[in-house]
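Morning, everyone. Please bring the structure up on your screens. I'll keep this short.

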Amino acid sequence: MSYSRRSFFQIAGAGAVGSIFVPLVSGRGLEALTLGGRHGDDERTLVPGAIRLNSNENPNGPGKAAFDGISAAFGEANRYPRASEASLRSAIGEAFHLTPAHVQLGCGSTDILRASVYAYTGPDRPLVVASPTFESPGNDAKRIGTPVREVPVTGDLRLDLDAMAAAAHGAGLVYLCNPNNPTSTVHGSEPVRQFVARVSKESPATTILIDEAYHEYVDDPAYATAVPLATEGPRVIVARTFSKVYGLAGMRVGYALAQPGTIQAIGAYTLPNALNELGLCGAMAALTATAHVEQQRMLNRAARAFTVKALADAGFPAADTQANFLMVNLRRDAQPFREACKRDGVLVGRPFPPLGTYCRISIGTMDEMRQGVEVFKRALATA
Ligand SMILES: Cc1ncc(COP(=O)(O)O)c(C=O)c1O
């Protein structure tokens, strides 16, 4: 069973923390609007009442175990979160049959990506990324004067692994997002293994950061996690997050898995005490709630299939999607479509240049997707 925000209020309100909890959380909407203004970015702008298919979030929220973990953590709010950090590190290590020294926690996996860019790139150690991909590492790199080598995705929206391997020569870091955001395609374990082997041979000082934020949503049987590669050699890092299938994006917990020396190198660029007690306890509880994860995968799979079919029936087949979002070619400038959807109460993904005719649509609940599809059809008829 998934827990709505209202039931979270009820849970929190029932306990001793209720009186301070409700006003703080109610204030979030206002803060999100302020943030939207500061970034001037539709993606972050909270349109009250809109269906939010724009940030690849889990529309069902966390499960009961995570809510209980978060609620119970309020009592420790006056303490620094060191003990909970140590516990979560150990628990994640155990889940992968690794030690805590193989795990670095981050304030979301965004923090892990940033720390990896800081640790492994610089003015003479470029970053290699796909184009388009999740923008965060490229933006971090540019901020510190690291040259960014962008490798276009192929015509079927897959990462061009050959071209990325060629571009890796002399690079400090390669960012491999698998499945790739925003294109939603995935590469199987064998091509990824061959890619790592080739880069390690041809450019041994280059580190490969494999972002598996959407790992749990993949159905392709050829896919497998790259965690074994990250423990075999010091030049591979795997990034994971609690923001997607676990439904904890607002709690900001992500992590890296790698050999201990590599973890130390990343850890040097993370802030002490950057994670908060609530997020840590929520993630700790979510980690073992496997039934919730399985349920979220099933819900996403059904709503995704519905949306893919509806768009295909309307003449707009999406790229193969192995995530909680899809990428569809509208065969026209996508911006008027985005704006029409927003006017009609549905937020869809931001532009991902150079794919100007494509739109990324996150998968919401089945009900949201039913409403969304009607809005998309109207927007396509007019935009
Ligand atoms: C591929 C990818 N990696 C990382 C992130 C960051 O997630 P978080 O910082 O919430 O863990 C996102 C967010 O959408 C993403 O799409």
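In what order do the seven strands of the open sheet stand? Reading across, S2-S8-S7-S6-S5-S3-S4, with mixed pairing. Before going further: this is a predicted model. Everything I quote is computed from it.

Some overall numbers. The protein chain holds 15 helices and 11 strands. It has 383 residues, and 48% of them are buried. Now take contacts between residues at least 6 apart in sequence. Of these, 74% join residues at least 24 apart.

Back to the sheet. Which strands stand at its edges? They are S2, residues 103–106, and S4. Each has a single partner strand, so one side of each is left without a neighbour in the sheet. On average, neighbouring strands are turned by 25° against each other, ignoring direction.

Start at the S2 end. S2 and S8 run antiparallel, joined by four bridges. Val-103 has Leu-257 in S8 as its bridge partner. Now look at the pairing of S8 with S7. S7 covers residues 236–241 and S8 covers residues 254–257. This pair is antiparallel too, again over four bridges. Here Val-238 has Leu-257 as its bridge partner in S8. Ala-239 stands opposite Ala-256 of S8.

Are the faces of S8 covered or open? Both are covered. Gly-254 and Ala-256 lie on one side, Tyr-255 and Leu-257 on the other, and all are buried.

Now the other end. S3, residues 127–131, pairs with S4 in the parallel sense, over five bridges. Val-128 stands opposite Arg-149 in S4. How does the chain get from S3 to S4? It passes through helix H7, residues 136–143, and this β-α-β crossover is right-handed. H7 lies across S3, S4 and S5, running at about 140° to S3.

S4 itself, residues 148–152, has alternating side chains. As a general rule, side chains in a regular strand alternate between the two faces of the sheet. Which residues of S4 are on the buried face? Arg-149 and Val-151 point that way and are buried. Val-148, Glu-150 and Pro-152 point to the other face and are not buried. So a charged residue, Arg-149, sits on the buried face of this edge strand.

Next, two single residues. The first is Cys-177, found in strand S5, residues 173–177. Why does Cys-177 count as buried? Because 25 C-beta neighbours lie inside 10 Å, and the cut-off is 20 or more. Leaving aside neighbours within four places in sequence, Cys-177 is in contact with Ala-130, Thr-133, Phe-134 and Asp-211. Its C-alpha atom is separated by 8.6 Å from that of Leu-159, 18 residues away along the chain.

The second is Thr-185. Thr-185 is in the loop between S5 and helix H9, residues 189–202. Is Thr-185 buried or exposed? It counts as buried, because 20 C-beta neighbours lie inside 10 Å. That is right on the cut-off of 20. Not counting residues up to four places away, Thr-185 touches Leu-157, Arg-158, Pro-179, Asn-180, Ala-319, Asp-320 and Gln-322. Thr-185 and Met-327 are 142 residues apart in sequence, but 9.1 Å apart in space, C-alpha to C-alpha.

Last topic: helix packing. Two packed helices are described by the angle and the distance between their axes. Our pair is H4, residues 64–73, and H12, residues 277–287. How do their axes cross? They come within 7 Å and cross at roughly 145°. The crossing is right-handed.

Who makes the contact? From H4, the residues are Ala-65, Ala-66, Asp-68, Gly-69, Ile-70, Ala-72 and Ala-73. From H12, they are Glu-277, Leu-278, Cys-281, Gly-282, Met-284, Ala-285 and Ala-286. By class, that gives 10 nonpolar, two polar and two charged residues.

How many residues of H12 are buried? The count is 11 of its 11. Glu-277 is among them, and so is Gly-279. The buried residues of H12 pack against H4 and against helix H5, residues 82–95.

That's my tour. Over to you for questions.

Technical notes. Residues are numbered from 1 along each chain as its sequence is written. This is a predicted model: local features need pLDDT of at least 70, side-chain atom pairs count only at pLDDT 80 or more; totals for chains, interfaces and linings use all residues. Axes are lines fitted to C-alpha atoms, for helices over the stretch in contact, and angles run from 0 to 180 degrees between N-to-C directions. Helices (H or I, at least four residues) and strands (E, at least two) are DSSP runs, numbered from the N terminus. A crossing is left-handed if the near helix is turned anticlockwise from the far one by less than a right angle, and right-handed if clockwise. Two residues are in contact if their C-beta atoms, placed from the backbone, lie within 7 Å. A residue is buried if 20 or more other C-beta atoms lie within 10 Å of its own, exposed if 12 or fewer, and partly exposed in between; C-beta atoms are placed from the backbone. Two strands pair if DSSP finds at least two bridges between them. A crossover is right-handed if, with the strands pointing away from the viewer, the path from the first strand over the helix to the second runs clockwise.
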